[in-house]
Each structure stands twice: as C-alpha cells, then as structure tokens.
Amino acid sequence: MDIHEYQAKELLSNFGVEVPPGALAYSPEQASYRARELGGDKWIVKAQVHAGGRGKAGGVKLCGNDIEIQSACEGMFGRKLVTHQTSPEGKGIYRVYVESAVVIDREIYLGFVLDRSSQRIMIVASGEGGMEIEDISAERPESIVRSTVEPAVGLQEFQCREIAFKLGLAPSLSAQMVRTLKGCYRAFTELDATMVEINPLVITGDQRVLALDAKMTFDDNALFRHPQISELRDKSQEDPRESRAADRGLSYVGLDGNIGCIVNGAGLAMATMDTIKLAGGEPANFLDIGGGATPERVAKAFRLVMSDNNVQAVLVNIFAGINRCDWVAEGVVAALKEVEVDVPVIVRLAGTNVEEGQKILAKSGLPIIRATTLVEAAERAVGAWQSDLAQGTKVRVEK
Ligand code: GDP
Ligand code: MN
C-alpha cells in the first residue's frame, strides 16, 4: 500500500527525520489560509498523488504570494496529474500540501528498499538528488552508495557515518545524517514498510538535513498489525479494479490488454499471461483466485474481470491439484448463469477429475470454448477475440 507524501513526512518526523513545516489543504482557499498560518514569504504547493515525477509534470509549484498560490491550486484541484509514473489517465488531485520553501544547498537521493538477493534491507544513496534513481543508475552509476543492514544488529552508527562520508557530507553534518538514516530505518522496520524514499534529501542553506519529499510503501500482508497505517489508504489513488479486488480478497493487477484471465496460483497466472502474449494477444489482468476455487470465488472473479470494459474474451485456466476439476467446472457454470458475460469464455482444466469437469462444461449447454493445453487455450482466446473484432459484433461499449 502506498501513502501520500504528507503522510510519509508525518510518520518519518515521528522517528526523528526533519521535514519542513507544512500543512494540508482540500481547497484553494484553505491553501492560502495554511500559507498564512505557516508564515514566511515563499511556499511550495504540492499536489498529493500516489506518484513521483510531480515536479516535471506541474504538480509542484513555488509561490511567492497569495495570487500565485491560488493559480497553482486552480491548476491542481479536481484535475488529473499525469507523470511518467502514472498511467496515461493520471491520478486525481484532491489534496495539496503547502510547505514553507527552503533554500537548497545540495540535493541527495536516499532510499531504503528490501533487497531480495541479500534478504536484507538495503540503503541506496547518491549525491545526485532530484533525479529519479533509474536515471541515476543509468547516467551516474558510480555515484550510488549501497549499504545492507545486518538484521541481527540493525543499522549501525558506523554504517551511517560511512554513508555520510561517501556522499561527501561535511563532518559537521554527520550527526544529522546519522539521525536521518536511523529514523528512516526504524520507521521502515517498525511499520513494516517495503520502501522508504526521500528524494531529495537536502542540505539547506543554513546547513540542516531536511527531507523535501517522502514516499513510503507498506507490506499489505502486515497491515493488520498497523491500524493507524491502514487508515491512511486513499482509494482515490488506486486503480478502481484493484481496490475492488482487494476488498474481495482476490489478488488482482489491472493491465491494458483485453483478454481477461482467471487462474489459480500466481505462477500459473504469470505463465498464462506470457502464453497469451505469445499467441499474439494482450492480457487484461493478472488474477490469482487462490487454491480453493469455490463456485463463489469463481463468480466473484468473473464479476471482477467483467467489470473492466476493455475485456473482450475471458480465459479460465485452472490446474486442480488439491482442487477438483469437476468442482471448478460447476463453479464456472454457476458463475456464467449468475454473472452477465457477453464475451467468449475459454476454459482449460487440468489435473484431478479433469474428465468429469469437461463433461459438466459440455452438458451445461453454455457456449464455453474448451481447451486441453495452455497453448491451445491462449490461441483460442486470442482467436475468439480477433474473430469477434473482425465481425464487429461483440465489441463491448462503455457502460
Ligand atoms: P516529485 O517531482 O514528485 O519527486 O516531487 P518533489 O517533492 O521531489 O519536488 C520536486 C522538486 O521541487 C524537488 O526535487 C526540488 O528541487 C523542488 N523543491 C521542492 N521543495 C522545495 C523547496 O522548498 N525549495 C526549493 N527551492 N525547491 C523545492
Ligand atoms: Mn521527489
């Protein structure tokens, strides 16, 4: 789960990371009021969306008076911000964060990530702040400092000093840097984060180490331990298809193609998407309905997949190990009677009781296209979709 910049800043500041004074606003009037409360004569107005790259996309504006704050807000509230990290539709702006502007001496990139190969938390830093980490690693890879944390002892003071040194920070800034690094590390571990990114972490004109931006992502599977973090969820920033799925306990990732996928098992779901692509199609989603594919779960999955207007064929691919194909087939038949599915449905079953399963599908009288192998299923799905397209009959219209 992602959270907003202002939320991440509040969390991190509770762990000793210094952030500029700021306040949240839900309207342009409120933004002006917040700026007056903050005082000073320069403010940064920042669109709160779950995506980076806002600066280049017009979502971060430096303002020197009330008129500028108003015009910055007019360009943000109610609009969608499209950055290189969002989809082409962008993300809606419903809140802005107003911050006192600071004078920047130096920008640093700082990230805490889960490094799967070393199975440790890794600190990634670079003196090339302000740039995205992808660009830094492409253009200035030698500037990147990496340090992994031994979990038994946690982040050590000497490690922090070493990072500060490698970034070329003045010795007088070392203590502040240690405090920042330790604060991020504690926030990461105590709140079950999977990513903390401060880009840029800045050295201000008056020699303070300050987090000007903050991003945090949390482990969904640990959210039950952190009700105060779960509360920060903002559905307006999520793909509506994915939030519906999350609410129903299904593991779904929306994609841009038009072949809907209903699969049991994450690995099989990945293989199914690959095979669809190999057959010349594009998957509309990743969906793992889990091990026990009960009729209710299958029906839920159909409803979810069909709620995507781009779906023009549905491929059901079930491998029954603990499951039974006859049971899954009953689920598919029940689901198709209950959920309105106006596109071709291709079903491939394999594993336990496959013959009984096939019989149930055949006897149902429903226009289900059956397949025995995954390749055949993918080809039929792509074929069915293409012939529908050619006939121009079943192309779905926006609801
Ligand atoms: P992002 O583009 O979504 O990553 O948004 P950021 O919060 O990183 O803001 C983009 C850029 O705006 C930063 O890299 C800074 O260079 C600049 N910026 C943000 N806050 C301030 C500030 O208080 N003073 C100055 N001078 N620049 C700022
Ligand atoms: Mn940033």
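**Two pockets and a manganese site**

Reader: Hi! Which residues lie nearest the centre of the second largest pocket?
Author: Lys46, Gly55, Val60, Asn199 and Pro200 do, out of the 26 residues that line the second largest pocket. A pocket here is an open set of points on a 1 Å grid over the protein atoms alone, where a 1.4 Å probe fits, with protein on both sides within 12 Å along at least five of seven lines; a lining residue has an atom within 4 Å of a point.

Reader: Anything I should know about the model itself?
Author: This is a predicted model, where local features need pLDDT of at least 70 and side-chain atom pairs 80 or more, while totals for chains, interfaces and linings use all residues. Residues are numbered from 1 along each chain, chains are lettered from A and ligands numbered from 1 as written, and side-chain values use heavy atoms, without hydrogens or water.

Reader: Back to that pocket, then. Which strands each supply at least two residues of its lining?
Author: Strand 2 (43-47), strand 3 (60-63), strand 6 (96-100), strand 7 (104-115) and strand 10 (193-204) do. Strand 10 contributes the most, giving three residues to the lining of the second largest pocket. (Strands are DSSP E runs of at least two residues, helices H or I runs of at least four.)

Reader: And where does it lie relative to the domains?
Author: The second largest pocket lies between domain 1 (21-100) and domain 2 (104-229), because both give residues to its lining.

Reader: What about the largest pocket, who is closest to its centre?
Author: Glu238, Asp239, Pro240, Glu242 and Ser243 are closest, among 38 lining residues. Strand 5 (91-92), helix 8 (240-247) and strand 13 (251-254) are the elements that give two or more residues to that lining.

Reader: Which of those gives the most?
Author: Helix 8, with seven residues in the lining of the largest pocket. Domain 1 and domain 3 (240-390) both give residues to this lining, so the largest pocket lies between them.

Reader: New topic! Which protein donors does the manganese ion have?
Author: Asn199 (O) and Asp213 (OD) are the protein donors of the manganese ion (ligand 2), at 2.1 to 2.2 Å from it. (Donors are N, O and S atoms within 2.8 Å of the metal, or 3.2 Å for Na, K and Ca.) Asn199 belongs to strand 10, while Asp213 is in the loop between strand 11 (209-211) and strand 12 (215-218), 14 residues apart.

Reader: Is Asn199 buried or exposed?
Author: Buried, because its relative accessibility is 8%. Asp213 is buried too, with a relative accessible area of 18%. (Buried means under 20%, exposed over 50%, partly exposed in between, with a 1.4 Å probe and protein chains only.)

Notes
Domain bounds come from an automatic or database domain assignment.
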